[in-house]
Amino acid sequence: IKDQAESRKRSDRQLDDSYKYLGIINRRISILLELTKQQKTKGGQQKSADRVLSLAANLSGASSAFLYRSVGKGNFNLVSSQGIGKEKRETIAVISAKSMTLLKYLLKEKAQVAGDIKQFKADLLRLNEKVNYFVTLPLTKGKVLEGFIFLGFDEKQKLENEDQDFLDVFAIHASTALSKSGVLKK
């Protein structure tokens, strides 16, 4: 009887975990579908940028988040930010690959970059002293890097593989949505 009770508890926990996981998957799918429905609206570019960045930050649990648009020659302009004040926002309004290894790598690989912020010499984007770990999502059109989303984390040293995989899919949908809404146009 005792073994059956323990077995039943294990089964109940597994079932609860499965329902939680399915809930997370369902939410992620609905967010991706919502991104694909995003259309170009007059005066809605900032709203679109803020919405995409908010979704990325909330999904990942990032404490700070920035969305940048490429303006050519390795230069990027800040379009939207979360987790910082106006005065700090001005210090990162324009950034360049000349001053940041992270951007050189992002321009070359056009793939997600994650790791220790010091390793990639991206201290400029470490406006919150607690941020040590980051994930950068490329926003591409074909083989062209049109921008990126930077997500900074206070307490994390790494994201789970399935979370990083989902963020790759999110970046693809975000690229399409931001292009459609005109946010990534130079």
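**Exercise 1. State which residue just after H5 takes a positive phi, and describe H5 itself.**

Step 1. Gly182, just after H5, has a positive phi of about 85°. The model is a predicted one, in which local features need pLDDT of at least 70, side-chain atom pairs count only at pLDDT 80 or more, and totals for chains, interfaces and linings use all residues. Residues are numbered from 1 along each chain as its sequence is written, and side-chain values use heavy atoms, with hydrogens and water left out.

Step 2. Helices (H or I, at least four residues) and strands (E, at least two) are DSSP runs, numbered from the N terminus. H5 has 20 residues and spans 29 Å from its first C-alpha to its last, close to the 28 Å expected at 1.5 Å a residue. The expected span is 1.5 Å times one less than the number of residues.

Step 3. Buried means under 20% relative accessible area, exposed over 50%, and partly exposed in between (1.4 Å probe, protein chains only). Among the buried residues of H5 are Phe166, Leu167, Phe170, Ala171, Ala174 and Leu178. An α-helix has 3.6 residues a turn, so residues three or four places apart point the same way.

**Exercise 2. Describe H2 in the manner used for H5.**

Step 1. H2 has 16 residues; its first and last C-alpha atoms are 23 Å apart, close to the 22 Å expected at 1.5 Å a residue.

Step 2. The buried residues of H2 include Ala49, Val52, Leu53, Leu55, Ala56 and Leu59.

Step 3. Gly61 follows H2 and has a positive phi, near 80°.

**Exercise 3. Give the order of the strands in the sheet and identify its edges.**

Step 1. The chain has five helices and six strands. From the N terminus on, the elements run α-α-β-β-α-β-α-β-β-β-α.

Step 2. Two strands pair if DSSP finds at least two bridges between them. The six strands form an open sheet with antiparallel pairing, in the order S3-S2-S1-S6-S5-S4. S3 (94-96) and S4 are the edge strands, each pairing on one side only. Neighbouring strands are turned by 25° against each other on average, direction ignored.

Step 3. Take the bridges pair by pair:

- S2 and S3 run antiparallel and are joined by three bridges; Asn77 has Val94 in S3 as its bridge partner.
- S1 and S2, also antiparallel, are joined by seven bridges; Arg69 stands opposite Asn77 in S2, and Gly72 opposite Asn75.
- S5 and S6 pair in the antiparallel sense over nine bridges; Thr136 has Phe150 in S6 as its partner.
- S4 (residues 113-116) and S5 run antiparallel with four bridges; Asp116 is partnered by Tyr133 in S5.

Step 4. Two hairpins remain. The hairpin of S1 and S2 has two residues between the strands, and Lys73 takes a positive phi near 55° there. S5 and S6 likewise form a hairpin with two residues between them, where Gly142 in the turn has a positive phi of about 65°.

**Exercise 4. Explain why S5 is described as largely enclosed.**

Seven of the nine residues of S5 are buried, so the strand is largely enclosed by the rest of the structure. For the whole chain of 186 residues, 42% count as buried.

**Exercise 5. Find which elements give two or more residues to the largest nonpolar core.**

Step 1. A nonpolar core is a set of buried Ala, Val, Leu, Ile, Met, Phe, Trp, Tyr and Cys residues joined through side-chain atoms within 4.5 Å. The largest has 28 residues, of which Leu67, Leu137, Ile149, Leu151 and Phe170 touch the most other members.

Step 2. The elements are H2 (45-60), S1 (64-72), S5 (133-141), S6 (144-153) and H5 (161-180). H2 gives the most, with seven residues.

Step 3. Another core lies apart from this one; it has 22 residues, among them Phe76, Ile84, Ile95 and Ala97.

**Exercise 6. Assess the confidence of the model.**

Step 1. pLDDT is the predictor's confidence in each residue, from 0 to 100. The chain has a mean pLDDT of 84, and 89% of its residues reach 70 or more.

Step 2. Among the elements, H1 (residues 2-37) has the lowest mean pLDDT, 78, and S2 (residues 75-82) the highest, 94. Where pLDDT is low, the predicted coordinates should not be read in detail.

Conventions
Axes are lines fitted to C-alpha atoms, for helices over the stretch in contact, and angles run from 0 to 180 degrees between N-to-C directions.
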